[in-house]
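User: Please take a close look at one part of this model for me, the salt bridges. Walk me through them in one go, and tell me how far to trust the picture.

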Amino acid sequence: MNTVNDTYHSLLARHDAMRLRRRLFSPAGTGRQAAEGAGPAATAEAPQQPYDGAADQRLITDHLELVTPFEDLIAHLYDAMFAHWPFLRRLFPESMEFQRQHLDAAFRYLIENLHDPDAVAATFTRLGRDHRKLGVRPAHYRAFEASLREALRRTAGPRWSEDAERAWVRMLRFAVAAMVEGAEAALGEPAAWQATVTDHDLRRADLAVLRVRPHEPYPYRAGQYASVASPHLPQAWRQYSVACAPRPDGELEFHVKLTGRGGVSEALVARTRVGDVLRLGPPGGTMTLDDDPAHDLLLVVGDTGWAAAKALLQELAAHRVARRSVHLFLGVRHPSALYDTESPEELRRRYPWLRVTQVIGEGPGPGEHGALADVVAGHGDWSRRLAFVSGPPAMAGPLVARLTAEGVPAGHIRHDPLPDRA
């Protein structure tokens with residue numbers, strides 16, 4: 001990481017420490033309204049409570065064709081922001097493509113879910129906690145809002161409506177207020193954790209298994225993921241499932257597949273060495289086990305989605321009280337693609353309570369053959385099981401849809417849609 005960014009994040013850490021100290025000695029000053037900047041708020045048009053997201057959703061949707069697809073809007077937004085506030089450029093990676101994809105997804109999520117402000121607030125509270133690792137501050141959100149206004153007008157042209165713009169701003173301020181609250185609530189934890197690479201095992205030319213030891217305890221649960229940044233690309237972060245349940249020595253394991261040149265995955269697979277220090281964002285994700293043994297479990301994984309299943313199986317083995325039935329569907333294109341798992345027979349020996357079905361996508365090999373979703377659906381009724389789905393978006397998305405169509409309640413499906421990782 002370069003010296004400028006090191007200094008910047010050190011100053012932010014000191015500032016956070018002072019804020020936490022003031023907060024501890026002044027309990028009355030806590031809460032969303034006491035948060036520094038109180039949302040992008042510092043402007044006159046703060047959203048009213050309760051926020052009428054459904055009304056803004058209708059206004060935004062009525063004018064959506066003027067600013068979609070979002071590629072031009074996002075390009076104009078960043079052009080405006082970096083032109084007016086060039087110092088903000090250092091908060092972003094050299095390549096902005098992945099960042100643009102994330103902002104596109106965030107806009108779509110907001111507009112599709114604005115009728116449910118509680119769900120939006122919960123999502124963006126978590127996002128605010130996560131964004132602390134980037135060094136984001138309320139002043140940056142104000143710059144973002146001004147840039148968004150400019151980009152909306154430039155993209156939509158003369159047909160743009162002031163009412164639609166105000167709806168966009170209210171939507172943004174509602175989301176940002178939740179992000180600020182999430183950041184404030186996380187002042188007692190590091191914005192990011194440093195972790196030293198203790199092992200780098202190249203299982204294939206395009207896939208590495210890394211073990212890292214955080215310098216401070218990393219508080220995660222089996223099934224969760226972490227954002228990872230390499231010193232070779234200090235402002236670029238990618239999410240990877242932690243491939244082990246919490247261990248006594250505190251070490252973490254990540255399975256990283258090379259998905260593109262010049263990105264984080266290449267830095268981790270091809271350029272990382274033992275002794276390198278990575279940065280980890282706070283843990284996230286919902287693919288965690290509950291304490292209620294009432295439901296048997298269905299695990300469906302493909303490719304490096306095995307990482308999350310590996311952690312869950314370790315957790316089940318360590319805390320197995322009730323006799324839960326667990327069925328694992330392990331999807332691979334070809335048996336040679338198994339880079340880390342034991343064979344199905346070895347898994348069954350290790351976990352006698354586990355049923356394993358290997359599903360081969362192409363070529364010969366032991367197991368069942370065909371599309372993973374078809375094979376899972378053909379094995380019977382899963383509607384009473386708690387389902388965990390982990391794998392590439394092209395596999396996991398259709399599988400979640402298929403399980404829902406087969407009668408598995410949406411609340412019984414745990415899946416964190418991690419994006420393709422460059």
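**Salt bridges up close**

Analyst: Let's start with Asp 206, which is partly exposed because its relative accessibility is 24% (buried means under 20% relative accessible area, exposed over 50%, partly exposed in between, with a 1.4 Å probe and protein chains only). Its partner is Arg 204, and their side chains meet in a salt bridge at 3.0 Å, N to O; the term asks for a side-chain nitrogen of Lys or Arg within 4 Å of a carboxyl oxygen of Asp or Glu. Arg 204 is partly exposed too, at 23%.

Before going on, a word on the ground rules. This is a predicted model, so local features need pLDDT of at least 70 and side-chain atom pairs count only at pLDDT 80 or more, while totals for chains, interfaces and linings use all residues. Residues are numbered from 1 along each chain as its sequence is written, and side-chain values use heavy atoms, with hydrogens and water left out.

By the salt-bridge rule, the count comes to 27. One of them joins Arg 203 to Asp 340, with the closest N and O atoms 2.9 Å apart. That pair links distant parts of the chain, 137 residues apart: Arg 203 sits in strand 1 (residues 193-204), and Asp 340 in the loop between strand 8 (326-332) and helix 10 (344-350). (Helices are DSSP runs of H or I with at least four residues, strands are E runs of at least two, and both are numbered from the N terminus.) Arg 203 is partly exposed at 33%, whereas Asp 340 is buried at 17%.

Both residues also belong to a wider network of salt bridges, along with Asp 201, Arg 211, Glu 253 and Lys 310. Lys 310 is among the buried residues of helix 9, including Ala 309 and Ala 311 beside it in sequence. Helix 9 itself covers residues 306-318.

For a pair within one helix, look at Arg 149 and Glu 145, which make a salt bridge at 3.7 Å, N to O. They are four residues apart in helix 6, so about one helical turn separates them. An α-helix has 3.6 residues a turn, so residues three or four places apart point the same way. Glu 145 is buried at 6%, while Arg 149 is partly exposed at 21%.

As for trust, the mean pLDDT (the predictor's confidence in each residue, from 0 to 100) is 86, and 86% of the residues reach 70 or more. Go easy on residues 7-24, where pLDDT stays under 50, and on residues 28-47, where pLDDT also stays under 50.

Terms used
Contact means heavy atoms within 4.5 Å. The expected span of a helix is 1.5 Å times one less than its number of residues.
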